[in-house]
Amino acid sequence: MRAFLGLSPNSNTKLAIEAWREKALPGFNHPVPAANFHVTLCFLGELNDKQYEVMAQGIEQISDIKAFSVHLNTLGYWPKPKAFWLGCDAPEPSHLNLVKRLTSIARQSKISIPKQAYKAHLTLARKCVENPPAALIAPDFLWQAEAFHLFESVSTRQGVRYQIRESWPLARVFSWQK
């Protein structure tokens with residue numbers, strides 16, 4: 001299976017991002033459907049059963065990373081993949097720690113992980129020939145990541161769909177209020 005580990009915004013956040021994209025940006029020929037919105041933590045590529053088994057055992061040992069906020073507030077464009085994205089300019093330490101731990105677990109599972117700097121982002125559109133103009137309204141989306149997921153990339157006649165195959169909760173953050 002072709003897979004990655006990632007975060008899924010809640011439904012309200014996905015709908016808000018989609019509505020903002022339609023209002024604040026020009027129309028795209030290849031917009032990413034809101035159902036596919038996610039923030040990749042670790043790209044895995046083709047994953048066999050043995051790699052998945054070893055990786056899942058490693059992931060089960062993660063219990064100390066607390067839920068964290070994801071603040072999507074910047075825009076970017078990568079010319080080589082022709083992808084326009086909504087990014088997080090300052091990921092929380094727990095977010096970055098989760099990325100580091102998952103990458104380490106994937107490598108221990110004999111999964112070849114690309115060696116590039118991590119950039120928290122949510123892809124808005126693909127196959128953009130050039131960098132789209134600045135948004136009319138600045139992006140500002142905040143949600144609480146309470147779990148991370150194994151996504152499978154499934155090709156369909158309507159295009160690629162990202163289906164959640166397994167989920168792992170992050171430690172709950174409790175606050176005491178008087």
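**Exercise 1. Which residues line the largest cavity?** Work from the predicted model, and describe the cavity by its volume and by the classes of its lining residues.

*Solution.* Begin with the search of the whole structure, which finds one cavity of 30 Å³ or more. The volume of the largest cavity is about 30 Å³. Next, name its lining, which is made by V32, N36, F37, H38, L122, T123, R126 and Y162. Finally, sort these residues by class, which gives four nonpolar, three polar and one charged.

**Exercise 2. Find the aromatic pair that F4 forms, and explain what it ties together.**

*Solution.* The structure holds six aromatic pairs, and one of them joins F4 to Y162. Their centres lie 5.3 Å apart with 85° between the planes, and the pair is edge-to-face. Now place each ring in its strand: F4 belongs to β1 and Y162 to β9 (residues 159–169), so the pair ties together parts that are 158 residues apart in sequence. Y162 also appears in the lining of the largest cavity.

**Exercise 3. Describe how helices α2 and α3 meet.**

*Solution.* Two packed helices are described by the angle between their axes and the distance between the axes. For α2 (residues 49–60) and α3 (residues 93–108), the axes come within 8 Å and cross at roughly 145°, and the crossing is right-handed. The next step is to list the residues in contact, where α2 contributes V54, M55, G58 and I59, while α3 contributes L102, I105 and Q108. Sorted by class, the contact comprises five nonpolar and two polar residues, with no charged ones.

**Exercise 4. What volume does the largest pocket have, and which elements supply its lining?**

*Solution.* The volume of the largest pocket is about 910 Å³. Its lining counts 29 residues, and those nearest the centre are T40, F43, P114, Q116 and H121. Turning to the elements, β1 (2–7), β2 (39–46), α3 and β6 (121–125) each supply at least two lining residues, and the largest share, five residues, comes from α3. By class, the lining divides into 16 nonpolar, seven polar and six charged residues.

**Exercise 5. Describe the second largest pocket by its volume and its lining.**

*Solution.* This second largest pocket has a volume of about 320 Å³. Of the 13 residues that line it, P31, P33, R126, G159 and V160 lie nearest its centre; R126 is also one of the residues lining the largest cavity. The classes in the pocket lining are five nonpolar, five polar and three charged.

Terms used
Residues numbered from 1 in each chain as written. Predicted model: local features only at pLDDT ≥ 70, side-chain atom pairs only at ≥ 80, totals over all residues. Heavy atoms only, no water. Axes fitted to C-alpha atoms, helices over the stretch in contact; angles between N-to-C directions. Helix = DSSP H or I, 4+ residues; strand = E, 2+ residues; numbered from the N terminus. Left-handed = near helix turned anticlockwise from the far one by under 90°. Contact = heavy atoms within 4.5 Å. Nonpolar A, V, L, I, M, F, W, Y, C, P; charged D, E, K, R; others polar. 1 Å grid on protein atoms, 1.4 Å probe; cavity = no way out; pocket = protein on both sides within 12 Å on 5 of 7 lines; lining within 4 Å. Points joined across faces, edges and corners; volume = space filled by probe spheres on them. Phe/Tyr/Trp six-rings, centres within 6.5 Å; stacked < 30°, edge-to-face > 60°.
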